[in-house]
Amino acid sequence: MEKVKCDCGHVNPYGTYLCESCGKPQMEDNQTLVDMRYEGVARRSQTYRKTFIDKIWNFFSSVKVGIWIIVLLLIASAIGTIFPQEMYLPPGERAAIYYEQEYGILGKLYFQLGLHNMYSSWWYLLLIASLGVSLVICSLDRVVPLHRALKTQRVKRHTSFLNRQRLFSKSDDVIETAEEDIQKAEKALREKKYKIYKEDGNLLAEKYRFSRWGPYVNHVGLIIFLVGCMLRFFPAMYIDENIWIREGEEVVIRGTDGEYFLRNDQFIVEYYDEEDERFRDSFERTGGQPVVETYQTSATLLKKVDTGTVGVGTELEEVKQYDIRVNDPLTFEGFSLYQVDYKLNELAEFTFTIESNLDDYNGDLSNISFEVDLYNPEMVYELDGGYRVEIFQYFPNFYINNRGEPDTRNRIPDNPRFIFEVFSPEVDHEEERGELSLVGVQINEPLVDEGEVNDYSIRMIDVDMNHVTALTVRRDRTLPILFVGGTIFMIGLIQGSYWHHRRIWLQNRKGVIWVAGHANKNWHGLKKDIEFIIEGTSIPMPEDQTDESNMIEEIEGVKGNDDATTK
Amino acid sequence: MMQQLSSNFLLVAFFLYLASTILFAVSITGRRFKNKEGEEKNKSGLLGYIASILAVIASLLYFIFRWIAAGHAPVSNMFEYTTFLGICMAVAFVIIYPIYKNNYLGIFTMPIVMLIIAYASMFPGELQPLIPALQSNWLTIHVITVALGQGILAIGFAGGLLYLIRVVDFTKTSKKVKGVEFILFCIFCTVAYIMLGMGFGAADYEAQFNYVNENGVEAVMGYPMPPLIGPNEGERISEGFEPFLSTPAIIRSNDLNTVIWSILGGLVLYWGLRLIIRKPIGGLIQPLLKSVNPQSVDELSYRAIAIGFPVFTLGGLIFAMIWAQIAWTRFWGWDPKEVWALITFLFYAAYLHLRLSRGWHGEKSAWLCVIGFALIMFNLIFVNLVIAGLHSYAF
């Protein structure tokens, strides 16, 4: 493509609208004001339109396309909240049934369109990806030439650049004191912290140029953030596990490769004091239901130590103790353990004794008792007086399966039952069978032929319960990236939002003073600055060329004309 | 004691907002009388601003004393948050007014602040204990930043509404007129809701029903306003007329009933006024706004949004994500409230990008400011109260 040489001698890239150096418009556009967007630089997207790559580039470099992507994302996101997403369904509900059952035909449609998992659908992710592409291309397309143009801008600008600025005026006649006036203005500008550039008695005052980079900085932040999010597609980047730990128990922390263990020393649920004066009205209104104040697991973190001796087994070393609460996870080596759930009063241990059913029994069994751990029971109990009890079978969570046999649902002792085999001192347990009975909570059935009874039965005399805590184990290696991205984004956003690039051109053209101003966004602030600097000089106040004689309208309005005429 | 003190300050603040509204109104309507004496200027604009500053101080005292009384920042339920949002809008006004010295902005902002605070008072206002999920300094940081951001964005809405009423031609019927009238109608509905709520509340009204809830279980439902529509298989326990219709179990019929009452009340207020003045309400206000410079109001609301957007983003997305990572183990979970914060962010991002192109200044931009505020209100009211999610502990 050919470069274009401006009258001032500067060679501009093809497609330049305003000369990068003197600002003279290079194309006619029949507008009263020059379009100052991106300083009128030549952007790749406006220049190359041939190849396939050009077309892609041009498509994504358009702010309009960017806005469309934002709007589509917005609409899609809103649709995703009409009904709950699948991950928020009540536990145990099946999506295929739930949506139709709860929300009728619309729910069914929602499910069939896959909107119940919308935020991880391919097309939603595609939208986010195209937002990312748009961010990159839009920014690159503009920032490079913009940077060059702001660097090469000259102090002296072409008249057709000046008089087509939104804020512009020139003195009607030659002003005798033009030079002094400009000097005065320069002093005032310095007071207002403007940077001053001078050339042949002409002046360019500029401040807050850095705010022009704000949008690009925040786009970079966003891109880093999106990249961070994308990294979550690699399972190695994060760990998300759950562990249940009973009080007193030590379990390996999943995801740490057996390196770390956690012991639950105590789990507590605390409630607000119902007598608390502050919240009396609230308790009254909600009907006196207790309100939880704290969920807390007092835990000890343990680390496996290498003892150096092979086969000795693992030895654990205490690393730290911590009270894990909601909003206060335990963190170590990038891992965090969060309090997420609990179960109070899970059965932990039964204590049994033996009773005799024989009428003529005269021994004393009252001292005999044995404790059975419900998670990990011993199978054989040798008792005083030569009695022996064996666990013939153990069902932690008893039920009768569909073949009509006793079975257990899982290993959690929600409904524990034992089949005990009792050997009295006279019975040789290696040669003979003992007496069988099925024992559970409020259950005690001898397993004998009809009409017979056991000589001995086993009776439960004590129950020990335990609290169980559920913790989520997390490690997310993308967090630092997200944090950096978010921080850069915020910096860019603030940079571009709370400062605005302002420029004032003052030119002395053979005694006639030309003044023009341009601001990105805050025109009000620029006008006030100009008012300040021209005070006490004969420099004319620039007119806002977009204003449509509001002054006249204002006077008429005050006089009380009821007809609402506008523009 | 502290709580009583705090409530008193809120009441004082409310009347100061009212005083400020009146003073700003005097400042624009009274101008022509004062102007006869040449240079003497109407001081009521300044007085209105001073009243708004005093109101903000009183509001902040409410906030501080309630904080001391409860032991946590008073931003943990609907009453507290909504009140604070109103206060933040007033704070934003106090910050932005000196830049543009626009008294019209005062007349539009102060009544909206009052309306938001009055609306908040419809929710149970007693001190509530904090559940474990809320016990974090991030509650304070996240919620205060969000409210401040939304308060500043709401100034953009006040500016947008001012702009629309200033420029729309009310002499002809058009979509624009209908749009502006609809905004005003919504405001009337809110007023009606507050009036009805206060009226029936003062009369201790409650209608009770036995009904069958969405899980097929029999339960009791209370109505704060006379039941026009009844619950699923509802049977009235308390004395009174039977409702005209009954609703399916999935709908919370007492809330819907309240909404219907508010709309009816809004219709009565709106059409009552319209029949008296015989023209659109916007057309009634417009002559008062003749001396408003549309371009400067346009810039003002753009500025407000450019200032509010980073604050909202910081509080509503960034701080929100940090807290979510600590409290809920993940920084983002597509909870409806999170999604609607993202939607609000995307919306204002689209607005800011649209402002780059010529055709979206002025009127279109003003409409967007209004829609943005509608999104904020939607997220506050609808998402909290209707769409269930993790944030729904708001009562």
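This passage describes the chain interface, salt bridges, one sheet and the cavities of a predicted model.

The contact between the two chains was examined at residue level. In chain A, 74 residues touch chain B, and 71 residues of chain B take part in return. The area buried between chain A and chain B is about 6,000 Å². Carbon and sulfur atoms give 61% of that area. On the chain A side, the residues that lose the most area to chain B are T81(A), Y88(A) and N327(A). Together they account for 10% of what that side buries.

Charged pairs were then located. Side chains of opposite charge can pair when their charged atoms come close. Over all chains, the structure holds 37 salt bridges. Across the interface of chain A and chain B, the rule finds one. A salt bridge links R285(A) to E126(B), with an N to O distance of 2.9 Å. Within chain A, E186(A) pairs with K198(A). Their closest N and O atoms are 3.1 Å apart. E186(A) belongs to helix α7 (residues 178-191) and K198(A) to strand β4, so this salt bridge ties together parts that are 12 residues apart in sequence.

Strand β4 is also part of a sheet in chain A. Strands of a sheet pair through backbone hydrogen bonds, either parallel or antiparallel. Here the sheet is open, has six strands and is antiparallel in its pairing. The strand order is β4-β5-β22-β23-β3-β24. At the edges stand β4 (195-199) and β24 (543-544). Each has a single partner strand, so one side of each is left without a neighbour in the sheet. Strand β3 (residues 167-170) pairs with strand β23 (residues 512-519) over four bridges, in the antiparallel sense. In this part of the sheet, K170(A) stands opposite W514(A) of β23(A).

Empty space inside the model was searched last. Rolling a probe the size of a water molecule over the atoms shows where empty space is left. The search of the whole structure finds three cavities of 30 Å³ or more. The second largest has a volume of about 60 Å³. Its lining includes L18(A), C19(A), E20(A), G23(A) and M36(A). E39(A), A149(A), Q153(A), R157(A) and F161(A) also line this cavity. By type, the lining residues divide into five nonpolar, two polar and three charged.

Conventions. Residues numbered from 1 in each chain as written. Chains lettered and ligands numbered in written order. Predicted model: local features only at pLDDT ≥ 70, side-chain atom pairs only at ≥ 80, totals over all residues. Heavy atoms only, no water. 1 Å grid on protein atoms, 1.4 Å probe; cavity = no way out; pocket = protein on both sides within 12 Å on 5 of 7 lines; lining within 4 Å. Points joined across faces, edges and corners; volume = space filled by probe spheres on them. Nonpolar A, V, L, I, M, F, W, Y, C, P; charged D, E, K, R; others polar. Pairing = 2+ DSSP bridges. Helix = DSSP H or I, 4+ residues; strand = E, 2+ residues; numbered from the N terminus. Contact = heavy atoms within 4.5 Å. Buried area = accessible area lost by both parts, 1.4 Å probe. Salt bridge = Lys/Arg side-chain N within 4 Å of Asp/Glu carboxyl O.
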